[in-house]
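Work through the exercises below with the sequence and the model side by side. Each task is followed by a solution in steps.

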Amino acid sequence: MTIISIKDVSKSFKGNVLFENINLDIRKGQIYGFVGPNGSGKSVLFKMICGFIFPDSGEISIDGLEIGKDKRFPENFGVIIDRPGYIASKTGFENLKELAMIRGNISDKEVVETMEMVGLDAQSSQKTKNYSLGMKQKLAICQAIMEKQEVLVLDEPFNALDVDSVKKVRDLLLRFKEEGRTILLTSHNQDDIKICDEVYRINRSKLELTLPLIGDSHS
Ligand SMILES: Nc1ncnc2c1ncn2[C@@H]1O[C@H](COP(=O)(O)OP(=O)(O)OP(=O)(O)O)[C@@H](O)[C@H]1O
Ligand SMILES: [Mg+2]
């Protein structure tokens, strides 16, 4: 079942052609990897999929509804693109709770459980302004997954994570896949790419299907 459909999408910034008539169907319950050198357009692609920016031509549909036309932001997407801003004077738990209150569909207990899943201490009184880079990344992962979002759009989710945490998050993503959730991720690390069912390399403004084990030789 196709969840996200990218049809004839082109995108340039001031003559810098990033994508030219790309097509891709994202199916439910699969993990998709996107690789390519710095500046090749991975984050731009994810922003278009989330409706933060729009293609110059072509269309992106979520469950058959065109982003920007039929709907603005896809519901039920968990997103990490660029580092989210946190309230510096609050703890990690307090920050996540603020976000959870917007939709109001998860309990405090579920926030705590999510933090534990990625190895963050929910009871800690440490404010996020004193968080390390890896801890901030874990908080970003928490906000993207804590409401059991069906589609996860994760731009470099493993950045700044230590070896054990990378393994933990990889296992989590595989578990989410088993639950039928759909995952899109970017990474510069070949090992991360191994969890993907399909990997696409951005090359000459096109998406090229590549084998999962090839990874990103440019990094
Ligand atoms: N809003 C914007 N206005 C103008 N140019 C932009 C904008 N957003 C991105 N770009 C340009 O588009 C190109 C692709 O950027 P993008 O962030 O998608 O690269 P990337 O593949 O994610 O790179 P990295 O591996 O470094 O994260 C870059 O040249 C960038 O400068
Ligand atoms: Mg990027």
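**Exercise 1. Place Thr182 in the predicted model: find its element, decide whether it is buried or exposed, and list its contacts.**

Step 1. Thr182 belongs to strand β8, which covers residues 182–186.

Step 2. A residue counts as buried when 20 or more other C-beta atoms lie within 10 Å of its own. Thr182 has 22 such neighbours and is therefore buried.

Step 3. Leaving out residues up to four places away in sequence, the contacts of Thr182 are Ile3, Ile26, Lys28, Gly29, Gln30, Glu150 and Val151.

Step 4. For a distance across the sequence, take Ile4: 178 residues separate this residue from Thr182 along the chain, and their C-alpha atoms are 9.9 Å apart.

**Exercise 2. Do the same for Gly180: where is this residue, is it buried or exposed, and which residues does it touch?**

Step 1. Gly180 sits in the loop that links α5 and β8.

Step 2. The cut-off for an exposed residue is 12 or fewer C-beta neighbours within 10 Å. Gly180 has 11 and is therefore exposed.

Step 3. With residues up to four places away in sequence set aside, Gly180 touches Lys28 and Gly29.

Step 4. Between the C-alpha atoms of Gly180 and Ile87 the separation is 33 Å, for 93 residues along the chain.

**Exercise 3. Describe the residues around ligand 1 and the elements they come from.**

Step 1. List the shell: Phe13, Asn16, Leu18, Gly36, Asn38, Gly39, Ser40, Gly41, Lys42, Ser43 and Val44 surround ligand 1.

Step 2. Assign elements: β2 (16–27) and α1 (42–49) each give two or more residues to this shell. The largest share, 3 residues, is that of α1.

Step 3. Sort by type: the shell holds 3 nonpolar, 7 polar and 1 charged residues.

**Exercise 4. Identify the residues with the most contacts in the largest nonpolar core, and the helix that gives the most to it.**

Step 1. This core has 54 residues, and Cys142, Leu152 and Val153 touch the most other members.

Step 2. Helix α4 (residues 133–145) makes the largest contribution, 7 residues.

Step 3. Take Val153 as an example. Beyond four places in sequence, Val153 is in contact with Phe46, Ile49, Cys50, Phe77, Val79, Ile81 and Leu184.

Step 4. For context, nonpolar side chains tend to be buried together in soluble globular proteins.

**Exercise 5. Explain why the buried residues of helix α2 line one face.**

Step 1. In α2 (residues 92–103), the buried residues are Gly92, Phe93, Asn95, Leu96 and Ala100.

Step 2. Viewed down the helix axis, they fall within an arc of 160°, so they occupy one face of α2.

Step 3. The cover over the buried residues of α2 includes α3 (108–118) and α4. On the other side of α2, Met101 and Ile102 are exposed.

Step 4. After the helix comes Gly104, with a positive phi near 65°.

**Exercise 6. Determine where Glu156 and Arg204 lie, and whether each is buried or exposed.**

Step 1. Most residues other than glycine have a negative phi. Glu156 has a positive phi near 50°, and Arg204 also has a positive phi near 50°.

Step 2. Glu156 lies in the loop between β7 (151–155) and α5 (163–178). With 21 other C-beta atoms within 10 Å, Glu156 is buried.

Step 3. Arg204 has 8 C-beta neighbours inside 10 Å and is exposed. Its loop runs between β9 (198–203) and β10 (206–210).

Step 4. These two strands form a hairpin with 2 residues between them, and Arg204 is in the turn. Their pairing is antiparallel over 5 bridges, and Asn203 has Lys206 in β10 as its bridge partner.

Step 5. β9 also pairs with β3 (residues 31–35), in parallel, through 4 bridges. There Val35 stands opposite Arg201.

**Exercise 7. Give the strand order of the open sheet of 4 strands and explain which strands stand at its edges.**

Step 1. The order is β2-β1-β4-β5, with antiparallel pairing.

Step 2. β2 and β5 (65–66) each have a single partner strand, so one side of each lacks a neighbour in the sheet and they are the edges.

Step 3. β1 (residues 2–13) is joined to β2 by 8 bridges, and Ser5 faces Asp25 in β2.

Terms used. Residues numbered from 1 in each chain as written. Chains lettered and ligands numbered in written order. Predicted model: local features only at pLDDT ≥ 70, side-chain atom pairs only at ≥ 80, totals over all residues. Core = buried A, V, L, I, M, F, W, Y, C linked by C-beta atoms within 7 Å. Contact = placed C-beta atoms within 7 Å. Near = placed C-beta within 6 Å. Nonpolar A, V, L, I, M, F, W, Y, C, P; charged D, E, K, R; others polar. Arc of directions from axis to C-beta. Pairing = 2+ DSSP bridges.
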